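This report goes through the structure shown below. It takes up one chain as a whole and then a single strand of another chain.

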Amino acid sequence: MKRRGLRRWISNGMVVIMAVAVVVAVMPLLLILGTLVVKGAGSINLAFFTQTPVPAGETGGGVAHAIVGTLMIVGAACVIGLPIGISAGIFCAEYPANPLARTTRFLADVMIGTPSIVVGLFAWTWIVARQRHFSGFAGSAALAVLMVPMVMRTTEELIKLVPNSLREAALALGYPRWRTSLVIVVRTALPGIVTGVLLAVARVAGETAPLLFTALGSQFMSTDLKAPLAALPLVVFTYATGPYEDWHRLAWATALVLIIVVMLLSIAARLATRQRFDRKG
Amino acid sequence: MRNPVMRAGAALAALIVAAGPACSQSLVGAGATFPYPLYSKWFDAYNKKARVQINYQSIGSGGGIRQFTQGTVDFGASDSPMTDEQMAALKGNVVHIPTVLGAVVLTYNLPALGATPLKLDGATIADIFLGKVTQWNHPKIGALNPGANLPKTDIIVVHRSDGSGTTFVFVDYLSKVSPEWKSKVGAATSVSWPVGLGGKGNEGVTQQVKQTGGSIGYVELVYALSNKLPVSLVKNAAGQYASASLEAVTAAAAGAKLEKGTDFRVSITNAAGAKSYPIASYTWLLVKNDTPDAGKAKSLKDFLAWMVTPEAQKMAADLGYAPLPDDVSGLVRERIKTLKSGGRPIA
Amino acid sequence: MSEPVGAVAEAAVPPSQPRIQTGLGGRSWADLGFRGVLTLGALAVPLLMAFLVWELWVGSRLAIGRYGLDFLVSSAWDPVAQQFGAVPLIFGTLVSSLLALVIAVPLSLGVAIFLTEFAPQAIRQPVAFLIELLAAIPSVVYGLWGIFFLIPFLREHIFPFLRSALGFLPLFQGPIYGQSMLAAAIILAIMVMPYIMSVSREVLLAVPASQREAAQALGATRWEAVITAVVPYAKSGIIGAVILGLGRALGETMAVTMVIGNRHEIAASLFAPGYTMAAAIANEFTEAVEDVHLSALTYVALVLFMVTVLVNAGARLLIWRVTRGAPTGGQGL
């Protein structure tokens with residue numbers, strides 16, 4: 001009886017310890033979000049969104065150039081990466097036994113684990129060194145390389161979830177194979193694919209390392225992908241490691257905006273997936 | 001584009017673009033962080049004046065030399081003149097154009113010291129950065145600062161983690177005043193530091209010193225001033241303590257007389273003269289002797305011509321950089337006239 | 001359509017539709033074209049990988065030629081003398097990542113077990129979601145928070161306490177800069193925790209309820225049931241999750257470079273600054289003046305790439321073994 005009491009005591013003790021672990025695990029999130037809001041919210045005003053930077057050491061200015069830059073770079077990355085990622089995903093899901101599909105699936109997992117700085121270096125040797133200038137386009141290429149495996153895997157997983165009965169019904173009704181895949185299967189899986197895309201976009205929008213030696217950065221408003229471009233994560237990095245108080249202020253505000261955008265995309269993606277699973281039961 | 005999110009994003013981008021300013025020419029440069037506060041101001045002012053966007057990335061002199069050599073930027077910037085080998089890699093197609101004079105200062109974080117500036121000499125600075133003097137109340141520092149309240153705390157050395165012209169100026173000076181430094185570490189844009197933390201750019205070192213009690217680092221004067229950090233006095237070759245004032249830096253430059261046809265690659269550290277500040281340096285823009293693209297060549301030449309005008313040089317003085325001496329400005333003007341594009345002089 | 005959904009494919013083409021053109025093997029040209037487009041997309045992945053490895057290899061050739069495998073055992077990183085050795089980088093990467101795991105793994109496992117076995121149903125999903133949000137925070141934002149919040153906090157409160165309490169260990173001796181190996185390990189721990197936690201959770205959910213029920217039927221307490229029946233069943237998957245976390249930690253760049261101190265040195269003390277492979281590449285790449293310096297950094301990237309590939313491949317293999325055949329995630333939420 002005494003032994004059992006001790007064991008039960010240990011069991012309850014461990015539960016308490018684990019509950020404490022949960023509190024400790026959630027704390028950093030609250031601390032980070034809290035610090036960002038406290039230090040950054042005050043600087044988020046119209047000037048922040050619409051002005052470009054002032055010379056180093058002076059106060060004022062904003063990050064409009066970086067907002068446009070991020071939109072351009074991420075947009076171009078999507079144009080490059082999404083068609084490739086989605087077609088690869090459809091291929092691997094529709095022809096799963098194909099050796100190419102197996103290789104691609106395995107390599108995509110490997111690519112997802114590749115450090116983004118290595119991808120940035122690759123984009124530098126591939127594009128910047130050959131073209132002999134930095135460009136937003138090289139940054140987009142680096143981000144596309146990051147996006148392709150992510151989008152591919154989520155597309156594949158979601159298409160696999162479409163029940164075979166749907167495919168068989170379509171084929172039975174006389175739809176050719178390609179139409180079955182494209183119109184029936186993909187359309188059914190589309191909400192999931194879109195959420196996979198949103199997650200990938202959220203992830204690459206916050207990446208700094210691949211842009212360090214590709215897009216390089218700029219103080220000016222520009223939409224020219226063939227030249228260096230500003231980007232929100234680059235602004236955070238440059239201003240955070242600089243000595244000017246005003247730069248720090250802008251870094252906090254930019255980080256807050258960045259994290260809001262990234263989190264909104266992630267949360268939207270997750271909610272959509274949850275609905276999807278609930279619907280399927 | 002099949003993704004509706006992307007379509008919306010592209011439309012938004014188009015809206016913002018439509019509102020943006022049109023510009024005729026743009027240049028990309030990279031390099032020294034030493035003159036970055038000034039260049040940032042110059043390029044902003046010049047953009048308003050001439051509608052030319054000059055995008056300058058402050059990545060360190062080493063980066064400026066590397067990117068300029070590689071041809072990925074239109075011009076470089078460095079406080080360390082290129083070596084003969086580096087110039088050979090470009091087959092001599094490089095011109096060093098001095099822009100201003102600056103001072104490398106020792107800045108520190110020692111609230112206990114109060115308002116009196118620290119006094120240091122070359123040998124002691126070398127010993128601190130060699131890791132031989134490790135605490136603030138070391139007798140060597142005490143001897144130079146009688147009566148100062150030096151605490152018994154660790155000296156936290158901060159140096160550059162990137163390839164830096166500021167580093168070059170600093171270690172060039174140390175190599176001149178400390179034979180041990182010269183043999184153990186040497187002088188280059190990037191050295192193997194015996195001790196200390198690495199900060200990226202002048203910005204990073206300033207940041208580190210500001211945040212870390214008991215630290216000491218070397219930065220360009222303007223960074224210390226604009227961040228209200230204390231600056232030490234340094235004993236010069238004549239045995240006098242000099243502060244990094246505009247006059248002291250200009251006095252250091254006066255020692256090095258530049259001849260006609262000079263390539264401007266001159267070191268003015270540990271200069272002679274009673275009033276000279278010993279850790280001073282020119283900073284240069286690296287431009288091609290012959291820039292193939294005519295539009296860029298013209299924009300660059302026009303900017304350089306504006307840069308030596310009293311209007312631009314006054315901005316330098318306002319920020320704490322010493323303007324080019326008159327005779328040097330004259331030599332620069334003449335050199336700019338010889339820049340070419342496609343083999344022919346620029347219009 | 002009133003035909004049952006399960007109608008089998010023997011139904012012929014309805015007479016009102018035209019005959020489909022057939023090409024090779026009875027498939028239409030449109031089918032082949034479609035498949036061709038998809039194949040191109042799928043080919044892109046192996047091609048990109050091969051190209052990446054090739055570019056890294058070509059870029060490192062100069063350094064490999066000059067230093068060979070000595071690069072991996074030499075410590076000097078001297079751009080002046082053009083001596084490059086990656087040992088401090090490798091050391092820093094391994095130490096910061098392993099230390100991060102030491103902090104993160106007990107935390108993540110505790111949370112994962114709590115959320116799958118003990119927590120009230122109502123809070124399971126929300127708490128898991130909150131922790132997974134940590135994975136969405138960009139690395140540079142962690143770095144920003146690290147510089148201005150975590151490091152001053154560590155430097156003023158935690159490190160002096162550790163030095164006074166545990167200073168007899170060489171791990172906790174020496175000057176306190178703030179930027180340090182320990183700071184990097186702490187930030188990395190926060191960053192990898194959501195990954196380890198969520199994968200462990202999936203793996204634990206894949207364990208059949210019969211395991212726990214059997215243990216409890218034999219008289220185990222709830223904790224004992226978990227630790228003796230559930231966790232061992234999921235063991236290889238959990239190890240896989242941990243190794244996945246390791247893989248992420250090894251490649252982290254921005255947050256680490258902002259808090260680790262950027263010093264090419266192996267030090268015994270956790271308060272000393274260090275360097276990682278990824279941070280060195282980020283800091284020095286645009287500024288490597290000598291060709292051999294650039295090539296040395298590319299060599300570092302190649303090493304880093306190979307290490308992360310091996311680690312990630314190993315992790316996925318282990319996770320796959322446990323969850324193979326089990327229903328995919330989304331259960332019991």
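Two residues are in contact if their C-beta atoms, placed from the backbone, lie within 7 Å. The model is predicted. Among contacts in chain A between residues at least 6 apart in sequence, those joining residues at least 24 apart come to 74%.

**Chain A**

Chain A has 11 helices and zero strands, and along the sequence its pattern reads α-α-α-α-α-α-α-α-α-α-α. The radius of gyration of chain A is 23 Å, whereas the globule rule gives 19 Å for 281 residues; the chain is therefore more spread out than a compact globule. Along the principal axes, a box of roughly 70 × 70 × 35 Å is filled by the C-alpha atoms of chain A. Of the 281 residues in chain A, 58% are buried.

**Strand 4 of chain B**

Is strand 4 of chain B enclosed or open? This strand covers residues 95-108, and 14 of its 14 residues are buried, so the rest of the structure largely encloses it.

Strand 4 of chain B pairs with strand 11 of chain B and is also joined to strand 8 of chain B. The table lists these pairings.

| Partner of strand 4 of chain B | Residues | Sense | Bridges |
|---|---|---|---|
| Strand 11 of chain B | 280-287 | antiparallel | eight bridges |
| Strand 8 of chain B | 215-220 | antiparallel | five bridges |

Single residues can be named on each side. B:Ala103 has B:Ala280 in strand 11 of chain B as its bridge partner. In strand 8 of chain B, B:Gly217 stands opposite B:Thr107.

Technical notes
Residues are numbered from 1 along each chain as its sequence is written. Chains are lettered from A and ligands numbered from 1 in the order in which they are written. This is a predicted model: local features need pLDDT of at least 70, side-chain atom pairs count only at pLDDT 80 or more; totals for chains, interfaces and linings use all residues. Helices (H or I, at least four residues) and strands (E, at least two) are DSSP runs, numbered from the N terminus. The radius of gyration is taken over C-alpha atoms; the globule rule is 2.2 Å times the number of residues to the power 0.38. A residue is buried if 20 or more other C-beta atoms lie within 10 Å of its own, exposed if 12 or fewer, and partly exposed in between; C-beta atoms are placed from the backbone. Two strands pair if DSSP finds at least two bridges between them.
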